[in-house]
Amino acid sequence: MGKFEVLDHPLIQHKLTIIRDKHCGTKVFREMVNEISNLMAYEVSRDMPLEDVTIETPIQVTKQKQISGKKVAIVPILRAGLGMVDGMLEMIPAARVGHIGMYRDEKTLKPVEYFVKLPSDISERQIFVVDPMLATGGSAIMAVDALKKRGAKDIRLCFLVAAPEGVKALQEAHPDVDIFTAALDDGLNEDGYIVPGLGDAGDRLFGTK
């Protein structure tokens, strides 16, 4: 079974509370999502492999650590996942960025895939899939399906807010992936929204309704 972790760092929790507030405007919402994503990148990359490298300081030659050649791809689930990309890239600037486009059918609540564009060497990369919300799990499961179909193996998913139902569905469908979330909320309401949640992350990021 892959790892499941709630990233309960005080700075992450504080910023998450700011964006949960319905009075938080688009500008601040976008800034806070960026900052939370930046902090999450620090946490989810904690076990990236290191290798020894010889360098010369102003004092002497020394052997030190650097991240080994593992290549990274950040893959947002469109469109809300776009809000998390820049924060991740600030910490991992050499990462490539892929995109998976999905929308939720309002009648069936099921995700529909409409766009996939990934780095050609996706099978060799450590992949961070980003999306603010893990609700029913449908979009995340379909995103992992799309990645695996194209050869991806090392997949981690990063969410701001997750519902237990979505975590369970994702783990059952893809037990080999790692799941990181800033918060595990109470569950889903009858409309499929996370409770207490933070509303529609895409609308709040981009100022749409």
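Let's start at Ala201, which touches Phe29, Ala80, Pro132 and Met133, leaving aside residues up to four places away in sequence. The model we are walking through is a predicted one. Ala201 sits in helix 6, and because its relative accessibility is 3%, below the 20% limit, it counts as buried.

Gly199 makes a good contrast. You will find it in the loop between strand 13 (194-195) and helix 6. With a relative accessibility of 39%, Gly199 is classed as partly exposed. What links these two residues is an annotation: an unreviewed UniProt entry places the feature "binding site" at Ile194, Gly199, Asp200 and Ala201. Ile194, Gly199, Asp200 and Ala201 also belong to the lining of the largest pocket.

That pocket deserves a closer look. It holds about 650 Å³ of space, and 29 residues line it. Nearest its centre lie Arg104, Asp131, Met133, Ser139 and Asp200; of these, Asp200 is one of the annotated positions, and Met133 is one of the residues that Ala201 touches. Two or more lining residues come from each of strand 4 (71-78), strand 6 (99-104), strand 7 (111-117), strand 9 (133-134), helix 4 (138-149) and helix 6. By character, the lining splits into 16 nonpolar, seven polar and six charged residues.

There is a second largest pocket too, with about 240 Å³ of space. Its lining has 15 residues, and Met48, Ile67, Lys70, Val72 and Ile92 are the closest to its centre. Here the division is nine nonpolar, two polar and four charged.

Now let's turn from the pockets to the interior. Which residues have the most contacts inside the largest nonpolar core? They are Leu16, Ile19, Met40, Met88, Leu160 and Leu198, in a core of 36 residues. Several elements give two or more residues to this core, including helix 1 (10-20), helix 3 (85-91), strand 8 (125-130), strand 10 (154-162) and strand 11 (178-184). Helix 6, where we began, is also among those elements. The largest share, seven residues, is supplied by helix 2.

Leu160 offers a handy viewpoint on its surroundings. Not counting residues up to four places away in sequence, Leu160 touches Leu16, Ile19, Val33, Ile36, Met40, Met84, Asp131, Pro132, Thr181, Ala182 and Ala183. Two of these names should be familiar: Asp131 is among the residues nearest the centre of the largest pocket, while Pro132 is also touched by Ala201. Apart from the largest core lies another, of 25 residues, with Ile77, Val129, Ala140 and Val167 among them.

Definitions and conventions
Residues are numbered from 1 along each chain as its sequence is written. This is a predicted model: local features need pLDDT of at least 70, side-chain atom pairs count only at pLDDT 80 or more; totals for chains, interfaces and linings use all residues. Side-chain values use heavy atoms; hydrogens and water are left out. A nonpolar core is a set of buried Ala, Val, Leu, Ile, Met, Phe, Trp, Tyr and Cys residues joined through side-chain atoms within 4.5 Å. Buried means under 20% relative accessible area, exposed over 50%, partly exposed in between (1.4 Å probe, protein chains only). Helices (H or I, at least four residues) and strands (E, at least two) are DSSP runs, numbered from the N terminus. Contact means heavy atoms within 4.5 Å. UniProt positions are given in the numbering used here, feature names are shortened, and annotations may be inferred rather than shown by experiment. On a 1 Å grid over the protein atoms alone, a cavity is a set of points where a 1.4 Å probe fits but cannot get out, and a pocket is an open set with protein on both sides within 12 Å along at least five of seven lines; lining residues have an atom within 4 Å of a point. Grid points are joined across faces, edges and corners, and a volume is the space filled by probe spheres set on the points. Ala, Val, Leu, Ile, Met, Phe, Trp, Tyr, Cys and Pro count as nonpolar, Asp, Glu, Lys and Arg as charged, and the others, Gly among them, as polar.
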